[in-house]
Amino acid sequence: MKFKIKNDTAAVKEDQVDPHRQMVSVAVALPVHDIFTYSVPDHLIPQACPGKRVLVPFGRRTVTGYLMGPATTMDPPEIKHILDVLDATPLFPETLIPFFRWIAAYYMHPLGQVISTALPAGLNLTDVAILTIGDAGRQAMRLPSLSPLEAIVLSALVQGPADIKQLQKTIGQPVSWALIHAMRQREWVRVDRQIRGRQIRPKSIRWATVSGTEAISDRLSRQRQRIRDILRTEGDLSLPALKARAGTTPALIREMEKAGQVRTYEQTIYRDPFGDPIEPDSPPRLTTEQAAAIKAMAPLLGRGFKTVLLAGVTGSGKTEVYLRMAETALDRGLRVLVLVPEIALISQTERRFRARFGETVAVLHSGLSRGERYDQWRRIAGGKATIAIGARSCIFAPFGEVGLIIVDEEHDASYKQEGGLSYNARDLAVVRARHHGALAILGSATPSLQSWHNVTVGKYETAMLSRRVNRQPLPAIQTVDLSHIRDERGIHRYITPQLQQAIGKTLDEGDQALVFLNRRGFAAFPVCADCGQAIRCNNCDISLTLHKRANAFRCHYCGFSRAAASNCPSCSSEKIRLLGVGTEKIEEALVQMFPQARVARMDRDTMSRKGSIVRLLKDLKHRRIDILVGTQMVAKGHDFPGITLVGVVCADLTLNFPDFRSGERTFQLLAQVAGRAGRGDKPGKVILQTFNPDHYSIVSAKEQDFKSFFNQEIGFRKALGYPPFSRMVAVRISGKNPKRTAGHAGALGEHCREMLARSGSGPGRIQVMGPIEAPLSRIANRYRWQILVKSPDPNGLHHFVHRLVRCHHGLPDARQIKVAIDVDPFFLM
DNA sequence: AGCACGCCGACT
DNA sequence: GTCGGCGTGCTC
C-alpha cells in the first residue's frame, strides 16, 4: 500500500508555537535512543493518545513513531508537528509503557525498537526516496560528456521510477547521494518521497438485513422473496453466507438494496486462526496434589506480586492446575497471560485452554499469518479476549492489567529471543507480574537452576506435584555405556545392540519408537576415545571447541588454547576423536537395520515447510510411521500414545556442549524425553546411550529428580561464579572485514582492562573474558568476536557495559562494526 | 537507519 | 583545479 503525503509546513519556528498546543513525546521506530517531542495539530488532538502509532517528520524523512504521552522535555531546539495518527484505537495500553521502558533500560535497546518488536510485525511505515527520470534526463542520455555511472543510472531509470535500493540492485553497484543530488540539480531526475510499509488493517465483511415493510413482499420475484424470508427467519447473514444459502449474486443484492428491500452494512471481523474447531472439554476430577496446589495458590490472586514455581513431574497434570487457576482469576475479573514454549505447530496446552475457555482466548504464535496475528492483538487490546496464550512474544500482549501470568515449561530455551532485542520472556513474565502486582506461576518438571535458586533464597514460593495423574510409573531408563563399544564400526557405533534390540521388540509389538539426537553438526567437540573424557578448559571447565584454522582446541569463554594434536589430559591417550553425528546418518542407519520399518525424520532441515510438519504428525498419529528420528523438535508439546520406546543416541552431545549450562540442558532434555515415552496405557521405556553413565546429570534425569541435580550443579556454579551467582552480558562484535573486526574487538578489550584497573576489586567485582573469536567465527560473511562480562552486581555490570558501548561509538570503525549486547545470554556460540 | 555535510585522493 | 569517494554527526 502506497500513498503520497504532503511534507510541507512540518516545521514551525519556536516563536510561532502556540504555548497551549499539545506537546507529546514520541519514540521513533529506529535505532535511536532518545525520545522526541512533537506538537499535535489541533485537528489531531482528539485522536492523539498514548499507545497509538503516529507518522512524524524525522530529519528529512517521515517515520513511524509511538506516542508515549505528554512531553517531558520542555525546550527542544525545534518542534515539528505530528503528520498523522495511524490508529483509531491504541495498539497498546498506557500501562504497558513503564514495562517497555524497563525493557529498554535492562536490555540496553532503543525504546522505539523495543516497541516495534513487541507489536505485531508489519505495522511500520517509513518513507523512501523515489527517483523518476525527467525529460532533461532523457535528452542528457545522448550527451557525450555523460559519466559512465550517470549513463547507467539514467538508462536504469528509463525502465521506470525506482527507489535507491531497487536502483542499486538493478545496476549492481552503490549509488551515492552526491551523484543523485548532482543529477537532480541539472533536473535530470526528480526525487519524491513515498510512504511505504505493509499495511495491515482490520478486515471487514458485508452483512445483509431485511428492510422495508412486509407489504412489498407480494410483488417481488420468487428469488427476492426467498432472500427476505431467509433473512427474516435466520437473522442477518453475511453476504458469503447468504450466497451459500440462497445462491444470490452480488448484483441482485445491490438491486434489492436500491429498491429498499434489504439493507447492508459493514462489520469488522477477526480473521479466524483456528483451523480445526476444538471440542469444549469438561474439567476432570483433580488429584489430591492438584487440589492442594490450587488451594495454596488461589488465595494469592489479586493480592499483589508473587511468584510461585510449580514443580511437577512429567504427566502430573500441571496444565489442569493452570486451567483452574485461570478460571479462578477470570471469576475475579482478572486477565490471564499464558506463555508456552515455541514448538512445531500448536501446543497441547494451547488446545486445552481453547477447549476450556473458547471465545475468550486469544492466541499469539508464529503459526499465524500477519493479519491473524494483528486481529488477535486487537482482540486483546480491545478487551474482547480475557486470556492470551502464546509463545515468547505473547509476553507483550496488550492487556492494561493482568492478574495472572503463567509460564509453562519455564526452563525452555525458546523463551530466549536471539538477535535484535535479546529478551527472555520467562524473566519478563516475572517483571511484568511485578509491574501489574500480579501472580506469576512458573511451571516445569525440570525447573531451571535460576528459578529453583530463587526458591531456595526465598524469592519464589513453590507448589509440588510429585505423582503422575494416571498413577503410571515413570518410564524405566536404561543407560548403555558407549565407551565399552568403542571398537564397533559402522552402524553399531551409533545404534548399539541394546538399542537395536529394543527397537526391534517395539516394532514386533506394533508400537512406535522415537530416536533422539541433539544434532549440532557444527559443534564437533573433542572427546578422548579411550577414557571418554571431554577435553576441557583449565580455567572454565567448559568443553573446548575445535578451531580449524588455528588447528587448536579453544575455550570460547576465555580463549584458553590447546594444540589439536595434544594428548588426553587425563589418560594421555593420543586418540582424541571429534564427536559429531547427525540425524541424517542415524536415519540412514535405521533404514539399513530395519528395512521393513517406515522411518521418518523430523528436524529443522526436513521441516522447513509448515505443511510437512502437519503431514508428519498425522502420519505418526495414524501409525503410518514406525520409527521417528529427530531433534527435540519431536518431543515438545505433542503426545503420542503409540510411542513406547525412546532412544537417545548420544546424551553426551549436550553434556559436553561448550557451555556452562550444558549439564542443566542435558538433565532437562533427558528428563523430558523420559516423560515422553508411555503416555498411553503401555508403560514406556527409554534407552539412553552415553559415555558418562555415572554423570550426575544423567543419573538425576533417570530418577526425574531435579533437586538432586540442583544440589550438585549449584556447587559447581558457585565455585566458578556462573549464574545464578553472577550476571553475564555477552558483547558480540561483528563486521565484514576480518582485520578491522579483530582490531575493534581488541580495542574494546583494551578499554575493558583500563576500566577494570580504575575500578579496582570489590565484592561486586567485574570479570572480563575475551575478546575471543566466536566459535562460529564467520556467519553470513561477517566475522564474529565476543567479550563476556560477568559480575555478581547487576548494576555495576550494567554501567560497565554501558561505558563499553559508549567507547565503541567513539572508536574510528564504529560504523562498519556492529556491537550487539546480549544481557543474560543463553547460547554462547 | 538514512540522509547531509565535510574532508581528502585521482583525474580532466 | 573539481569530482566523487567515504567517515561523522544528527534526527524533536
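How do the residues of the surface near DNA strand B divide into nonpolar, polar and charged, and how many fall into each class? In this predicted model, five residues of that surface are charged, two are nonpolar and one is polar.

**Contacts with DNA strand B**

The residues around DNA strand B are P31, R60, R61, K165, W177, H181, R193 and R815. On the nucleic acid side, sugar or phosphate accounts for 74% of the atoms of DNA strand B that lie within 4 Å of the protein, and bases supply the rest. Among the residues around the strand, W177, R193 and R815 have the side-chain distances listed below.

| Residue | Side-chain atom | Atom of DNA strand B | Distance |
|---|---|---|---|
| W177 | polar atom | phosphate oxygen | 3.3 Å |
| R193 | N or O atom | phosphate oxygen | 3.5 Å |
| R815 | N or O atom | base oxygen | 2.6 Å |

The side chains of W177 and R193 are thus listed with a phosphate oxygen, whereas the partner of R815 is a base oxygen.

**The second largest pocket**

The second largest pocket has a volume of about 520 Å³. Its lining comprises 22 residues, of which A88, T89, P202, Y374 and R378 are the closest to the pocket centre. Three elements, β7 (84–85), β13 (262–269) and α13 (370–381), each contribute at least two residues to this lining. The largest share comes from α13, with four residues. In terms of class, the lining of the second largest pocket contains 11 nonpolar, seven charged and four polar residues.

Note on methods
Residues are numbered from 1 along each chain as its sequence is written. Chains are lettered from A and ligands numbered from 1 in the order in which they are written. This is a predicted model: local features need pLDDT of at least 70, side-chain atom pairs count only at pLDDT 80 or more; totals for chains, interfaces and linings use all residues. Side-chain values use heavy atoms; hydrogens and water are left out. A residue is near a molecule or strand if one of its heavy atoms lies within 4 Å of it. A polar contact is a pair of N or O atoms within 3.5 Å; within protein, one must be able to donate a hydrogen and the other to accept it, and residues adjacent in sequence count only if both atoms are side-chain atoms. Ala, Val, Leu, Ile, Met, Phe, Trp, Tyr, Cys and Pro count as nonpolar, Asp, Glu, Lys and Arg as charged, and the others, Gly among them, as polar. On a 1 Å grid over the protein atoms alone, a cavity is a set of points where a 1.4 Å probe fits but cannot get out, and a pocket is an open set with protein on both sides within 12 Å along at least five of seven lines; lining residues have an atom within 4 Å of a point. Grid points are joined across faces, edges and corners, and a volume is the space filled by probe spheres set on the points.
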